Structure formats: C-alpha cells, structure tokens
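The exercises below deal with the spaces inside and on a protein, and with the ligand that goes with it. Please look through the sequence and the structure before working through each solution.

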Amino acid sequence: MDPGEEHTRFIEWAQLNGVDINGIAPAKFKDRGMGIVAASDIKKGDQIVHVRNTSLITVAQQAIQALKFPSKISIQARLATYLALHYADEAFQHRPWRDVWPSQDEFTSILPLHWSRKLQDLLPHAANVLLTAQRSKLERDYVDIHAIHPSIPKTLFTYTWLIVNTRTFYWDYPDLPNAHPRLPRKRQQLTADDCYAMCPFIDYFNHSEKGCEPKADAKGYSFTADRAYKAGEEVYISYGSHSNDFLLVEYGFILDTNGCDSLTLDHLILPQLSSEQAGILKEDGYYGSYTLSSMTPTICHRTQAVVRLLTLPSRRYTAFVSGTDEGVGNQGKVNEYVIGLLAKYERQIMKTIEEVEELKVGGEVKTAQKDTLLRRWKQVRSMVKTSIDALSSW
Ligand SMILES: C[S@@+](CC[C@H](N)C(=O)[O-])C[C@H]1O[C@@H](n2cnc3c(N)ncnc32)[C@H](O)[C@@H]1O
C-alpha cells in the first residue's frame with residue numbers, strides 16, 4: 001500500500017538528516033500500521049539502514065539538557081516532555097518525523113492503557129499486573145513533570161510518553177568515558193532506561209521473534225539483514241524476548257506464534273500458601289514468578305520448588321532447592337498437583353472466553369480490542385491444555 005505523502009516527506013527529511021537507507025522502504029499494513037518492506041532483493045548481511053548518532057533523540061541532546069531536569073526525573077519522562085513541549089511547534093526540527101507517528105486515536109484502540117475498565121478487567125492476570133505497573137510509572141512521571149511544566153496537559157503527556165514507550169531503542173553511548181558530559185548525570189551506573197534513544201526511520205520496523213541485527217557504535221545505530229529477503233517481503237527486527245502479555249501492554253499487539261510466550265501462575269499458586277510457607281519461599285528467593293511456558297519443560301524450576309513445598313514433606317523441598325535431590329522421585333505427585341491447578345484454571349478460561357465472545361462491539365468496545373482479547377485468551381487456553389497434556393504423559 002502507498003504509505004502517503006507525509007511518509008514521502010519524512011523519507012526525504014531522514015535522508016538529509018543522517019539516515020542511510022539501503023534496499024528497504026516504509027509501507028502501510030492493514031493490521032499493524034506502518035512497517036518496512038524490502039524494496040529490492042536483500043542479501044543476508046547487507047546493512048539496510050544506518051542512523052548517524054547525531055540524528056537520534058537521546059537525553060544527551062543539547063535541547064533536552066537545556067531543560068535542566070532534576071536528577072530524579074526518568075529518562076522516559078524527559079523525552080516525553082521534550083516531545084510534548086514541541087508538539088504544536090510548526091518549526092520543530094523533528095516535525096516531518098513526528099508527522100508519521102501513530103495518532104492518539106490509534107493508541108486508544110490498541111493500547112490496553114486506554115481501554116475501558118471493563119476490557120482491562122478481562123485481560124489475563126500477567127497483562128493486568130504489567131498494566132498496573134505501567135499506569136503507576138506514567139502517573140509518577142506525570143506528577144514529577146507537572147510540578148515543573150504545569151502547562152503540559154496530561155492527555156498530551158500520556159501520548160508522547162506512549163510514543164517514547166513504543167518507539168525507543170537501547171542505545172549504550174558507545175566509546176564515551178563514564179564522566180562524559182553527554183551521559184545522563186548523577187547516576188552511578190547507566191541503567192537500561194538511561195539508554196533510551198529514539199531513532200528516525202528505524203522506528204518503522206515491526207517486531208518478530210527473529211529479525212535483523214542491531215549494532216550501535218560511535219558513529220550511530222544500524223541494522224543488518226539476518227537473512228535474504230525478496231523484494232516486497234516485510235523486514236522485521238526483534239524488540240526482545242517478550243511474552244504476548246508484555247507485547248500487548250507495552251506495544252498493543254500479540255504474535256500468533258511466539259516461542260517466548262509464557263503465563264504466570266502466581267495468581268493460582270500464591271493464594272494456596274500459608275504465611276509460614278510464604279515466609280520460607282521469600283527467604284529462599286522462591287516467592288512468585290511461577291511460569292508456564294509453551295516450551296518443554298512446561299513448568300519452571302520455581303514452580304517445581306513451590307509445588308514441592310505445598311505437597312511434600314518440607315525436607316523434600318529443601319533437598320530440591322539446595323540441589324541435593326533433583327526431585328525425579330516425586331515428580332508424579334508434583335505433576336498431579338499442577339494438573340489439578342491447571343484444570344481449574346482451564347474452566348475459568350472457558351468462562352472468560354464466553355464473556356469476551358458476548359461483548360457487544362460499539363461504544364467502549366472496539367472490534368480490534370475484542371479480537372485481541374479473544375485471540376489472547378485462546379492462546380492462554382491452548383498453553384494450559386498443552387501443559388496438562390505434557391504433564392499427564394510424563
Ligand atoms: C516501533 S513501532 C513500529 C512501527 C509502527 N507499526 C507504526 O505504524 O509506526 C511499534 C508499534 O508497531 C506495532 N507493531 C510492531 N510489531 C507488530 C507486529 N508484529 N504486529 C502488529 N503490530 C506490530 C505496534 O503498534 C507497536 O506499538
């Protein structure tokens with residue numbers, strides 16, 4: 001599909017502003033906004049795009065440093081504030097780039113943060129936990145920024161904050177000595193959040209589990225083809241090894257096939273623990289983060305441990321977590337307990353699926369939101385089923 005005039009303008013601007021584009025072009029897709037396609041055949045190892053480091057938006061940029069943020073302000077909040085302050089500025093140096101970002105309306109439809117309460121309550125447990133954390137992070141950032149820039153409306157800040165959230169890349173300030181003035185100040189160590197960078201053009205790439213390879217060096221940021229591509233094929237990058245609940249909350253989509261997908265079982269297991277058992281697990285570092293994955297083994301080591309504490313004499317649990325007993329002798333009992341837990345969860349999932357199916361589209365419920373919820377719950381059901389089968393045939 002022809003991406004439209006604003007994209008043509010942006011590409012011209014990008015090429016004049018330190019972006020080298022080789023054999024790829026932006027294209028519009030039906031279900032995921034813009035993306036990148038091969039404009040001609042590409043060979044594995046070809047460098048397909050390079051962005052000069054001076055074209056990135058990072059907190060090291062002078063215009064952002066000039067805003068003199070107090071050190072407690074997060075990097076995401078600084079970038080969002082910079083974008084918000086220039087949002088209505090016709091002369092903003094990044095204006096052609098800004099013009100190709102998704103609109104607020106598009107975010108409203110895809111990002112769970114903007115969904116109605118009713119739909120949010122129907123998200124799987126792990127997605128809900130992530131959404132709560134995201135909401136608190138946004139609230140904290142907005143309170144901090146409102147104190148110093150009260151003129152920025154919350155709706156605008158939320159929009160630019162989400163633009164930063166969905167369109168930044170990891171940039172590790174290569175070659176710069178620790179005390180370099182271009183590094184964020186007053187931080188003992190750079191964290192991943194400190195290294196956010198917005199990269200013109202590269203933020204057109206959609207995500208897939210496997211994608212083109214990133215490289216950051218003193219000159220800039222680039223991507224190299226991970227395999228050969230035929231002209232017209234979509235070219236992806238990987239945003240990281242993320243579960244579908246994470247992709248949904250942070251980016252507003254889920255993958256149909258995702259080898260990194262998993263479910264947490266915390267909401268099923270934690271309520272079963274006595275306070276004494278909870279204390280033991282906390283002390284041993286085994287409290288929470290019990291995951292079920294679509295890969296074998298289907299339950300993680302932490303789940304193996306907690307279920308041993310719940311079902312066996314405590315010495316068996318101790319032997320398992322200390323590594324003196326691999327626990328094979330008790331695996332049948334552990335599996336039986338997990339199967340019971342999952343069978344109960346499967347019944348709850350069926351009810352939730354029915355509830356989602358009955359949602360009437362219109363008003364607060366959009367077709368895309370209902371479809372995504374339904375697809376996600378069907379994936380959850382399938383992972384639970386696969387696990388029950390795998391554990392039953394052990
Ligand atoms: C870095 S941007 C990529 C470009 C974006 N599609 C656009 O229209 O500008 C990230 C956003 O793209 C979309 N996206 C990325 N990968 C996707 C995928 N595999 N399927 C559906 N949507 C995807 C999501 O909306 C995500 O928040």
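## Exercise 1: the shell around the ligand

In this predicted model, helix 8 (154-167) and strand 7 (206-217) each contribute at least two residues to the shell around the ligand.

Task: Work out which residues come nearest to the ligand, and which polar contacts the ligand makes with Met34, Arg167 and His207.

Solution. Begin with the shell as a whole, which counts 15 residues around the ligand, with Arg32, Met34, Asn206, His207 and Tyr251 coming nearest. Sorted by class, this shell holds eight nonpolar, four polar and three charged residues.

Next, turn to the polar contacts, for which the cut-off is a pair of N or O atoms within 3.5 Å. A polar backbone atom of Met34 lies 2.7 Å from a nitrogen atom of the ligand, and a polar backbone atom of His207 lies 2.8 Å from a nitrogen atom of the ligand. With Arg167 the contact involves the side chain, where an N or O atom is 3.0 Å from an oxygen atom of the ligand. Finally, consider the cover: on its own the ligand has 570 Å² of accessible area, and the protein covers 90% of it.

## Exercise 2: the largest pocket

Task: Determine what the volume of the largest pocket is, and which element gives the most to its lining.

Solution. The first step is to place the pocket, and here the space taken by the ligand is the largest pocket itself. Its volume is about 1,200 Å³. The lining is made up of 37 residues, and Asp31, Arg32, Gly33, Ile110 and Phe253 are the closest to the centre of the pocket. Two or more lining residues come from each of helix 1 (5-16), helix 5 (104-110), helix 8, strand 7 and helix 15 (367-392); helix 15 gives the most, with five residues. By class, the lining of the largest pocket has 16 nonpolar, nine polar and 12 charged residues.

## Exercise 3: the second largest pocket

Task: Describe the second largest pocket by its volume, and state which residues lie nearest its centre.

Solution. The volume of the second largest pocket is about 610 Å³. Among its 29 lining residues, those nearest the centre are Thr168, Tyr196, Tyr239, His242 and Tyr251. At least two lining residues are supplied by each of helix 7, helix 8, strand 5 (168-170), strand 7, strand 8 (220-224) and helix 9 (244-251). When the lining of the second largest pocket is divided by class, 16 residues are nonpolar, seven polar and six charged.

## Exercise 4: the enclosed space

Task: Find how many cavities of 30 Å³ or more the whole structure has, and which residues line the largest cavity.

Solution. A search of the whole structure gives one cavity of 30 Å³ or more, and the largest cavity holds about 60 Å³ of space. Its lining consists of Pro124, His125, Ala126, Asp245, Leu263, Thr264, His267, Tyr345 and Val380. Helix 7 (125-148) and strand 10 (262-264) are the elements that give two or more residues to this lining, which by class has five nonpolar, three polar and one charged residues.

Notes. Residues numbered from 1 in each chain as written. Predicted model: local features only at pLDDT ≥ 70, side-chain atom pairs only at ≥ 80, totals over all residues. Heavy atoms only, no water. 1 Å grid on protein atoms, 1.4 Å probe; cavity = no way out; pocket = protein on both sides within 12 Å on 5 of 7 lines; lining within 4 Å. Points joined across faces, edges and corners; volume = space filled by probe spheres on them. Helix = DSSP H or I, 4+ residues; strand = E, 2+ residues; numbered from the N terminus. Nonpolar A, V, L, I, M, F, W, Y, C, P; charged D, E, K, R; others polar. Near = heavy atom within 4 Å. Polar contact = N/O pair within 3.5 Å; in protein donor to acceptor, adjacent residues only side chain to side chain. Areas by Shrake-Rupley, 256 points an atom, 1.4 Å probe, with all protein chains shown as cover. Sits in = over half its atoms within 2 Å of the grid points.
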